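Visitor: Before I accept the words used for a protein model, I would like to hear how each one is justified. Could you take me through some of them slowly?

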Amino acid sequence: MSTQKRTHPLIIAVLSLFSLACLIPFWLVLMISIADEKEVLKHGYSFWPQKFSFVAYQFLAQDAEKILRAYGVSIFVTVVGVVVSLFVTSAMAFSMSRKDFPLRGALSIYILITMLFSGGLLPWYLVYTRFLHVQDTLLALIIPGLIGGFNVIIMRTFFTNSIPPSLIDSAQIDGASEYRTYFSIILPLSLPVLATIGLFITVSYWNDWFTSLVFIQNEKLFSLQYLLNKTLMNASFLQSIANKAYSTTAQVTQPLESIRMAMAMIAIGPLVLVFPFLQKYFVKGLTVGAVKG
Amino acid sequence: MKWLKKGSVILSSLMLTVAMTATGCSSSNNGSNNSPQASSGGDSAAGGLKPYEVVMVFPDAPQKDNELVQNAMNDYLKKTYPDMNVTVKLNPIDWGAWSDKTNLMMASGDKFDLLFTADWLGFQQQVTKGALLPLDDLLAKYGPDIEAVEKNYHDPAKRGGKLYGIHTHQELGGAQGVYLDKALVDKYKFDLSGFKSGNVEALEPMLKTIKENEPGITPLVMPSFPLDAYYSSGTLDQIGNLAAINVKGTAADDFTVINMYNTPRFLELAKMTNKWYKAGYTNKDALTPGLDAWKKIQAGQAFALVGDMDILANMEIGSVSKSPNGSLKAGRDMLQIPLNVDRLQTGKMTATMQAISKTSKDPERAMMLLNLFFKDKNLLTLFNFGIEGTHYVLKDGQVALPDGKTNNDVGYYHDNMWQIGNQMLNYTRVGEDPNKYKNYEKFNEMITKNPSRIFGFVFDPEPVKNEMITIDNANKAFVDGIKSGQLDPEENLPKLLEKQKAAGADKVIAEAQKQLDAWRAANGK
């Protein structure tokens, strides 16, 4: 009995190695961010720098306003984006899962097409700037990520497989309207899939920088990831043109190594803090769903 | 039920927030949408010009006080040139986002007027796509001050006989050579007269001394193309990615197109680099992407560097002088010794240009404004340095930061002098040589006396496009390794040449020769 229950040492070893592989780069970035710049230049990256210095964080503190603002933008966009996206996605998936919904075939094909063929960058850009006019607003960061075809399909499959149609029937016999059925019966039953898709969406909103690049001119609306990405891209771009004989007048200034790493640490922050909490609900959601389903 | 209550409260409050932001955003959006419409008038008619806003698109990190400077420029324009009736809108785009954004703007037909462009930023593609306007007539009519300084240098920016870009008036070339750490030169009393020959080989004994006596210091630090600038500019008139004319040791009327990897000098330099690499004179991480050689010098880890020199008054080959910019970058005294001074090259003239977008509603006015940047020092200074007293102060005729300000918190600080207008009108910054632009003038005189054999000739790669791509792929396997000294050229250079041949190098060279001969016939060279 007891031998069966004990975890195999090999699994522990593999999992430990895997955790190390996750933790080591994180540790390295942290150490470089608090290492003395001169040491980094001389000896390269190391896991335990000879000299510590918090210059990078002090430097970023000067820019605190910009970074905090970007933080705010990112958090707002992620929270609003996830909630609205979950609502829209689940609503669409639920309609498509209902056998008595006449357009379900057509809608499925429509969604499949968006997954197989993308319209391309230019039409995408034109729709949001010419048709919806959302450039330079927070909506430009939220709307493009609202519905993913893949997420809808996953949810539809979940609804079709784990919610018996008779449940809906009985709810409606008891006098529940469509909305009532959806909000007080379907959604609570679907916590596992909502948690899963919610996690996907959270990560994609939090990590998104390209939408900011394309639509946002106003510095006040830059998301955190774009701010970070922009600094790195500018540095590498300037380096790549440094050899081109454009002019000796241009001076190339690089962000310092430790500042780059400090920025990375700052950007990781909330997700690292939020994830344990999210995970708690994630696991709970799964059990709740399992028991009731 | 509990879930429903909680959920619905959260949901409805969030929906409300979204709705509020949506309305808030759309109203501000409308506001910003109206202004350009209102200000973009029709074509300039004979009787009085309608107000027009010229949108300037250029690469730059966003400046906090962008709008402040823009307003100051507009006030100035209104006061000084009332009949022009023009305002500007500064639209800087981050370096990192530059190609994505400009491509989208061009493809979607966004309205903008002046655009910074260069051969290394896709000038050729922009012309091919038809995103730029031909400028010849506009220039003749509205660009007298541009013509005054750039008249002889328009040919390189012509495509199909039409001009598409206006070169920034600045230094017309560069010089390449070696930088040395002055402290170490003094310590070992190095004899620098060997550089008078213009050959980088004179560096070798010094590298040896440093290697033997200074542990922890890389004698010669280099990025992946250590001697490339020096080799190609000093030995070749380059045409395409491998076609070139060898000017070292050939007659002045020799227009034979050759493969640039197939000259005696290339083999010589490659062998030398390989020898230095093996002897440990150079850094092993030369091919690491993103490596910054200056940082190594700054950290006191390197002695010498081969690269582009600061332009000084007397740029004689082999002359030793303190490098102002180099010393600034290294944080210590650096000497510079030029080994080659450029000839007047076609490529340099297309490295910094202003163009007018096809989507401009009033190209005439854009050209008028561009012309001002070649004539009006005040306007140029506003654009380059910001507002006097707020973003800079003048100290002995040089630009300095106001007291207590750093370039991070001053609100408007960038290095865009090389992007537009007549550089010779500019102030210098404190720390720079006050005679910088006089030096440029002198340097330009020297360079213009020595034009490249094929100055003005532009190679059209279209007929051999596929070959060029295959050659690029063949190069990837060898070129970086050979140039950084990590591959033995005796063994690998023949392999490279063979691969290039298989990829169609001969066809590229023949095509280049054909186009060059046609150009010579047409221009009577």
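Guide: What follows is a conversation about the terms used for chain B and the values behind them.

Guide: This is a predicted model, in which local features need pLDDT of at least 70 and side-chain atom pairs count only at pLDDT 80 or more, while totals for chains, interfaces and linings use all residues. Residues are numbered from 1 along each chain as its sequence is written, chains are lettered from A and ligands numbered from 1 in the order in which they are written, and side-chain values use heavy atoms, with hydrogens and water left out.

Visitor: Why is B:Asn340 called buried?

Guide: Buried means under 20% relative accessible area, with exposed over 50% and partly exposed in between, using a 1.4 Å probe and protein chains only. B:Asn340 has 9% relative accessibility, so this residue counts as buried. B:Asn340 belongs to strand β14 (residues 334-341) of chain B, where helices (H or I, at least four residues) and strands (E, at least two) are DSSP runs numbered from the N terminus.

Visitor: What makes the link between the side chains of B:Asn340 and B:Gln176 a polar contact?

Guide: A polar contact is a pair of N or O atoms within 3.5 Å; within protein, one must be able to donate a hydrogen and the other to accept it, and residues adjacent in sequence count only if both atoms are side-chain atoms. The side chains of B:Asn340 and B:Gln176 are joined at 2.6 Å, and the side chain of B:Asn340 also makes a polar contact of 3.2 Å with that of B:Ser233.

Visitor: How do you know that β10 and β11 of chain B are paired?

Guide: Two strands pair if DSSP finds at least two bridges between them. Three bridges join β10 (residues 243-246) to β11 in chain B, and these strands run antiparallel; one of the bridge partnerships is that of B:Ala243 with B:Asn259 in β11(B).

Visitor: Why is one side of β9 and of β11 of chain B left without a neighbour in the sheet?

Guide: The open sheet has the order β9-β10-β11 in chain B, with antiparallel pairing. β9 (236-238) and β11 (257-259) of chain B stand at its edges with a single partner strand each, so one side of each has no neighbour in the sheet.

Visitor: What makes helix α14 of chain B mostly covered?

Guide: Helix α14 (residues 363-373) of chain B has ten buried residues out of eleven, among them B:Pro363, B:Arg365 and B:Phe373.
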